[in-house]
Each structure stands twice: as C-alpha cells, then as structure tokens.
Amino acid sequence: MAENTIRLTGKRSSPFLDKVKKLLPDDGNLNLCLTCGACASGCPASGLDGMDPRKFLRMAAFGMDEEIKNMPWIWMCTMCQRCSYVCPMKIDIPQLVYNARAMVPREDRPKGIRDSCDMALRNDCCSAMGTAEEDFVFVVEDVLEEYQEAQPEFAEMTAPIDKEGAEFFINQNSREPVTEPDEMVPLWKILHLAGVNWTYGSKGWAAENYCLFLSDNESWEHITRTTAKQADQLGCKTYLNTE
Ligand code: SF4
Ligand code: SF4
C-alpha cells in the first residue's frame with residue numbers, strides 16, 4: 001500500500017469534524033462533499049506530503065483525528081480559500097484546517113510561525129519582525145526624503161504617519177521597511193498620483209498576522225484590535241489591509 005494511502009482501521013466517530021461543524025455557519029457544509037476533486041485541482045498545497053483538500057476532508061469524515069493532528073500538511077495549507085471558492089457545495093475546508101491546527105498544543109506548532117506571532121506581540125507595531133515604532137518612522141521618513149530629492153516629479157509626495165482624519169488607514173508588510181524599503185515607494189507614488197488621503201499608523205502598521213496562521217485566536221484578536229484601534233483613534237474611515 002502506498003505510503004500516503006488512507007488506512008481505515010475500524011469504525012470511528014468524528015469528534016473533530018463534529019466540533020468544527022458546530023462552530024461554523026450552516027455546519028461549514030462539511031457533510032456535503034461530492035468528491036468531485038475541484039478543490040484539489042486548484043489547491044497550491046495539493047500533492048505536498050501526499051495530501052490534498054479532498055483527501056483531508058475524507059480523513060476528517062472518517063474520524064482520523066489523531067492522524068490529522070500529526071500531519072505536516074495542515075501547516076502547508078496557505079489558507080488561500082481557493083478550495084472553498086471553487087467547491088460547488090461551498091465547503092469550508094480552510095476553517096477545517098484552521099481548527100485542525102488548533103488541536104495541536106501551542107508549544108508543538110511550527111516554531112517559525114509561533115516565533116513570528118510571539119514577535120508581533122512584543123509591541124503595538126504588531127510586526128512579526130519585532131520592529132520598533134521609531135525604526136519604522138525613521139525608515140519611512142528617510143526613504144521618502146531620498147525619493148523626493150532624487151525624483152523632482154515626486155517632490156510633493158508624502159508618506160504620512162498618524163495623520164488624523166485620513167480617509168484610508170493603510171498597513172505595510174514588515175519585510176519591506178526592514179529589508180526592502182524601496183518596495184514601499186511604488187504604492188506611495190500611486191496614492192500620490194491618485195490624490196488619496198491616507199496614512200500609516202505608528203502603532204498597528206504591520207500588515208502580516210502570523211497569529212492567524214498559528215490558529216491562536218486570542219493573539220490574533222489582540223493584533224487585529226491593536227491595529228483597528230489605531231485606525232479608529234485617527235478617525236480614518238477605511239481600513240485597507242495590503243496583505
Ligand atoms: S470541491 Fe467541494 S465537493 Fe468537490 S471534492 Fe472538494 S470539497 Fe468535495
Ligand atoms: S485554503 Fe488550503 S486547502 Fe484550500 S486551496 Fe488554499 S491551500 Fe489548498
């Protein structure tokens with residue numbers, strides 16, 4: 001038998017599937033699979049670890065809870081939601097994956113994701129790289145000045161931080177100010193040319209949220225509330241997440 005074949009070793013109940021069904025509107029439609037394979041054909045994680053979303057759903061339906069919990073594949077899913085988008089029955093497989101991750105004790109979840117979440121909890125910037133507020137402000141101001149001088153047609157361009165009453169509160173992946181600061185500039189240029197009234201926040205400016213991928217509800221909520229609070233305090237009308 002192939003290494004990744006699903007082995008059924010007797011009648012099982014499906015406590016994991018039953019629990020997730022209770023959490024989701026309309027049970028996440030988790031009982032409605034037609035086994036058509038549309039989810040597997042568009043999934044970027046199909047074939048990794050010999051798995052795909054259709055097989056994953058079957059395993060959950062067969063009550064293979066222990067196998068699911070210990071399967072590296074649940075951490076390979078990108079949560080992109082393509083599977084549920086193409087599914088004719090609108091089955092919510094990403095939520096099933098999310099809750100499978102939550103079955104794993106936090107200390108046993110992948111270190112890279114866990115450390116990135118913990119780093120984001122260190123301060124109110126919510127940066128997975130642990131970047132401090134003053135470092136973000138310094139980089140933005142420094143890069144802006146450089147482009148204003150080097151490209152006279154953008155001498156009036158701005159990159160506001162904590163601008164009260166801006167229409168849009170915009171966030172930024174930490175990787176850019178920390179390792180690729182020039183990558184921030186194209187967006188600034190577009191916003192400038194379009195005459196958009198926008199701002200970053202000195203707090204909650206980081207767009208990534210690894211606590212979501214860690215399935216750490218409490219930390220995910222903390223990060224989201226921190227950044228939303230900054231947008232509210234500045235009186236911004238629209239929160240625009242660039243991730
Ligand atoms: S696309 Fe939906 S119905 Fe088809 S196999 Fe996947 S989960 Fe089942
Ligand atoms: S959400 Fe996960 S399972 Fe669904 S298509 Fe994306 S990677 Fe695949």
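Me: How many salt bridges does the rule find across the interface of domain 1 and domain 2, and what makes a pair count as one?
Reply: Zero turn up across that interface. To count, a side-chain nitrogen of Lys or Arg has to sit within 4 Å of a carboxyl oxygen of Asp or Glu. Bear in mind that this is a predicted model, where local features need pLDDT of at least 70 and side-chain atom pairs count only at pLDDT 80 or more, while totals for chains, interfaces and linings use all residues. Residues are numbered from 1 along each chain as its sequence is written, chains are lettered from A and ligands numbered from 1 in the order written, and side-chain values use heavy atoms, with hydrogens and water left out.

Me: Where do the two domains start and end?
Reply: Domain 1 is 15–104 and domain 2 is 112–240; the bounds come from an automatic or database domain assignment. Their C-alpha centres lie 33 Å apart.

Me: How do you know what domain 1 and domain 2 bury between them?
Reply: Buried area is the accessible area (1.4 Å probe) that two parts lose on being put together, summed over both. Here that comes to about 520 Å², 57% of it on carbon and sulfur atoms. On the domain 1 side, W75, Y98 and R101 supply 78% of the area buried against domain 2, more than any other three residues.

Me: Why is E176 called buried or exposed?
Reply: Buried means under 20% relative accessible area, exposed over 50%, partly exposed in between (1.4 Å probe, protein chains only). E176 has 14% relative accessibility, so it counts as buried.

Me: What makes the pairing of E176 with Q172 a polar contact?
Reply: The rule wants N or O atoms within 3.5 Å; within protein, one must be able to donate a hydrogen and the other to accept it, and residues adjacent in sequence count only if both atoms are side-chain atoms. The side chains of E176 and Q172 come in at 2.4 Å, so they pass that cut-off.

Me: What makes something a nonpolar core, and how many residues has the largest one?
Reply: A core is a set of buried Ala, Val, Leu, Ile, Met, Phe, Trp, Tyr and Cys residues joined through side-chain atoms within 4.5 Å. The largest has 37 residues, and F56, I68, I74 and L96 have the most contacts inside it.

Me: Where does this core lie relative to the two domains?
Reply: Domain 1 and domain 2 both give residues to the core, so it lies between them.
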